[in-house]
Amino acid sequence: MLTIIFLCIFAFFAGMIDAAVGGGGLIQMPALFNFMPGMASAPLLGTNKFAAAWGTLFAAKSYIGKVRVPWRLVLPAAGAAFVMSFMGAAAVSAVPQHLVRPVVLVLLIVMAIYTFIKKDFGATQVERPFGRREQVLTVLIGGVIGFYDGLFGPGTGSFLIFLFIRFFAFDFLLASACAKVVNIATNVAALAFFIPAGNVMYAVAAPMAVCNVLGALTGTWLAVRRGAAFVRILFLVLLVTLIVKLGYDVLFAH
């Protein structure tokens, strides 16, 4: 019971951070592995994904009520992400994780530098029409990030936010909302693997899901209330955290 209480606390903060800028897995996954060290990795991954999926769903629902989501772009991205997340999960055994980490680390550093230097990046939303070119681009983004989420995972929401801002001129708030919708698709795809295999510990996952939802609603409220500038700061903090974590893994983890 004490373990579940601690995991629920971590799930709350994971949901809060993830709702605003992504990266909740940085909090929730290490907590599961640290508090349940004797457990196999598959049930821990499935439990984490189950709890995170509910938080993502409620965060997306909350955003949708407060910002105008461009469904013509987001739904194709979500569809591509769903399909490619399956493909990424299937490719996990074929692609060594230690080869993925350095590439992701370089991409995160580039994103952090770009966001820091361009002070107006994601500060305001530029209204513009979206045609076939943008729809093809959003399918490509959803597919690539969906594959990455199934294959590796860390920073998926952050990559989506960055790409939505860079290519569609969204502000951070709208980009976060769109990222949550796409994340729902990748979460569902992952759970389609974990649930039939029995790799979800529901006695732990259910209370964590409740707390993740509460955290997600809190994070969405903060993001909407404080605006794009606040989300930009959180985004940079998260990128730096991801860089430190992956940098450590690349240099010292075996």
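A charge sits over a ring if NZ of Lys or CZ of Arg is within 6 Å of the ring centre and within 35 degrees of the ring normal. The exercises below concern a predicted model.

**Exercise 1. Charges over rings**

Identify the ring that lies beneath the charged end of lysine 119, and the ring that arginine 166 covers.

*Solution.*
Step 1. The charged end of lysine 119 is placed over the ring of phenylalanine 116, at 3.9 Å from the ring centre.
Step 2. For arginine 166, the ring is that of phenylalanine 167, whose face it lies over at 5.5 Å from the ring centre.

**Exercise 2. The overall chain**

Describe the secondary structure of the protein chain and determine whether its radius of gyration agrees or disagrees with that of a compact globule.

*Solution.*
Step 1. The protein chain contains 10 helices and 0 strands. Read from the N terminus, its elements run α-α-α-α-α-α-α-α-α-α.
Step 2. A compact globule of 254 residues would have a radius of gyration near 18 Å; the protein chain has 17 Å, and so the value agrees.
Step 3. Along the principal axes, the C-alpha atoms fill a box of roughly 50 × 35 × 35 Å.
Step 4. Of the 254 residues in the protein chain, 52% are buried.
Step 5. Among contacts in the protein chain with a separation of 6 or more, 85% are between residues 24 or more positions apart.
Step 6. The accessible surface of the protein chain is about 11900 Å², and carbon and sulfur atoms supply 73% of it.

**Exercise 3. Two cysteines**

Establish how many disulfides the structure holds, and explain why cysteine 8 and cysteine 211 do not count as one.

*Solution.*
Step 1. A disulfide is a covalent bond between the sulfur atoms of two cysteines.
Step 2. The number of disulfides in the structure is 0. For cysteine 8, the nearest cysteine sulfur is that of cysteine 211, 3.8 Å away. Cysteine 211 likewise has the sulfur of cysteine 8 as its nearest cysteine sulfur, at 3.8 Å.
Step 3. The sulfur atoms of a disulfide must be within 2.5 Å; because the two sulfurs are 3.8 Å apart, the pair does not count.
Step 4. Cysteine 8 is buried, with a relative accessible area of 11%. Cysteine 211 is also buried, at 17%.

**Exercise 4. A residue in a loop**

Locate asparagine 199, decide whether it is buried or exposed, and list its contacts beyond four places in sequence.

*Solution.*
Step 1. Asparagine 199 belongs to the loop between α8 (172-194) and α9 (202-226).
Step 2. Its relative accessible area is 19%. Buried means under 20%, so asparagine 199 is buried.
Step 3. When neighbours within four places in sequence are set aside, asparagine 199 contacts Ala42, Pro43, Gly46, Thr47 and Phe194.

**Exercise 5. Aromatic pairs**

State how many aromatic pairs the structure holds, and classify the pair of tyrosine 114 and phenylalanine 121 and the pair of phenylalanine 168 and phenylalanine 170.

*Solution.*
Step 1. The structure holds 19 aromatic pairs.
Step 2. Tyrosine 114 and phenylalanine 121 have ring centres 5.2 Å apart and planes at 90 degrees. Planes over 60 degrees apart count as edge-to-face, so this pair is edge-to-face.
Step 3. Tyrosine 114 is partly exposed, with a relative accessible area of 29%, whereas phenylalanine 121 is buried, at 5%.
Step 4. Phenylalanine 168 and phenylalanine 170 form a tilted pair, 5.8 Å centre to centre with 35 degrees between the planes. Both of these residues are buried.
Step 5. Ring pairs also join Tyr114, Phe121, Phe162, Phe172 and Phe235 into a cluster.

How values were computed
Residues are numbered from 1 along each chain as its sequence is written. This is a predicted model: local features need pLDDT of at least 70, side-chain atom pairs count only at pLDDT 80 or more; totals for chains, interfaces and linings use all residues. Side-chain values use heavy atoms; hydrogens and water are left out. Buried means under 20% relative accessible area, exposed over 50%, partly exposed in between (1.4 Å probe, protein chains only). Helices (H or I, at least four residues) and strands (E, at least two) are DSSP runs, numbered from the N terminus. Contact means heavy atoms within 4.5 Å. Rings of Phe, Tyr and Trp (its six-membered ring) pair if their centres lie within 6.5 Å; planes under 30 degrees apart count as stacked, over 60 as edge-to-face and the rest as tilted. The radius of gyration is taken over C-alpha atoms; the globule rule is 2.2 Å times the number of residues to the power 0.38. Accessible areas come from the Shrake-Rupley method with a 1.4 Å probe; for residues, only the protein chains shown count as cover.
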